[in-house]
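Student: I would like to work through how the parts of this chain meet, taking one question at a time. Could we begin once the model is in view?

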Amino acid sequence: MRQLAAALALLAAPLHAGVPEAIDGHILPRHAAFAEAAAALDAAAQADCTADGLKPSYHAAFDAWIGVQHLALGPLQEIGGPLALQFWPDTKGFTARQLAMALKSEAPETVTREGFAGQSVAVQGFMALERMLYDEALSAYPAETYACALTRAIAHDIATKAATLAADWPATAEALRSAGAPGNATYLAPAEAAQALFTALIAGIEYNDDARLARPLGSFDKPRPTLAEAWRSGRSQRNLALSLAALEEFAALLADGAAPETRKLFESTQAWLAGLDEPRLAGVSEPTARMGIESLASYLSALKETAAAELGAHLDVGQGFNALDGD
């Protein structure tokens, strides 16, 4: 009887077209891919913790993380939000200081799996691992040192969190699908499920503009290239490209064919980005290159406005709070 009542409720208040498609075509498979890549990173770290040995798996796992980072709801909120896997922006330099403290203390309990899980997020996730692999002062440590154990602990923690997300998302997906059904205290109406996903999309576009671009751009007189995301590992432009590709896929599924201008702007923005040769966005300090990067910011601003208008109208929703907001 309970299943029948839920089915009748869904018939009375059907899901917005695009929500189940986004779940099945984007959210679930990308989290499964992230868990797989993170597990491979963990296995690689246990086999060879050196920088040269671990960099390929680091990049593959980071790629997969960027593909789900914008989905800052449900399971990701339960583990502490995006900062639990990527402590960035790090405006006060916590990661460098706390990694240095850990390496100096060589406390054995810190690098146990249980002990590391209780450490500050500043020494967890991809930005801490980037420091261990690409900061010359840290990456030169030989294998079988405390630095090696710390590197392995970071990799294992990433894998554990990725596995948790993949395991917990099906339940959240069911809550989204059954929005408005009796007993669903998370999404009281189908519009709430649509709004949650719409908010994740718009906030993801905004994050690329406000964080990934605006921080290194700074001002013309004071560019800040070393504030670019993951510049040490040359991932600044790569992360932008991967994020836009994931967001384009997400938007297309949510729009269900109803947002042609958004699709065109995604294509134009990605084409402009592909034409730049700025792996670290270092060109923000050079006037000619800076103009191209500033133009990308204009594309992103137009993309956000267009997507908000087209998809908001299609889904009949507005933007709510997202964990990427205000960081």
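Student: How many residues of domain 1 are in contact with domain 2?
Tutor: This is a predicted model, in which local features need pLDDT of at least 70 and side-chain atom pairs count only at pLDDT 80 or more, while totals for chains, interfaces and linings use all residues. Residues are numbered from 1 along each chain as its sequence is written, and side-chain values use heavy atoms, with hydrogens and water left out. The domain assignment, an automatic or database one, gives domain 1 as 19–178 and domain 2 as 190–315. With contact meaning heavy atoms within 4.5 Å, 29 residues of domain 2 are met by a number of domain 1 residues that comes to 26.

Student: What area is buried between domain 1 and domain 2, and which three residues of domain 1 supply more of its share than any other three?
Tutor: Buried area is the accessible area (1.4 Å probe) that two parts lose on being put together, summed over both. On that basis the area between domain 1 and domain 2 is about 2500 Å², of which carbon and sulfur atoms give 62%. Of the area that domain 1 buries against domain 2, 25% is supplied by three residues, more than by any other three: I66, H70 and W88.

Student: How many salt bridges cross the interface, and which residue does D63 pair with?
Tutor: A salt bridge requires a side-chain nitrogen of Lys or Arg within 4 Å of a carboxyl oxygen of Asp or Glu, and by this rule the interface of domain 1 and domain 2 has 3. D63 forms a salt bridge whose closest N and O atoms are 2.9 Å apart, and its partner is R238.

Student: Which helix gives the most to the side of domain 1 that touches domain 2?
Tutor: Helices are DSSP runs (H or I, at least four residues), numbered from the N terminus. At least two residues each of the side of domain 1 that touches domain 2 come from α2 (19–47), α3 (51–66) and α7 (125–134). With 7 residues, the helix that gives the most is α2.

Student: Where is P89 placed, and is the peptide bond from W88 to P89 cis or trans?
Tutor: P89 lies in the loop between α4 (75–78) and α5 (94–105). The peptide bond that leads from W88 to P89 has omega near 0 degrees, and it is cis.
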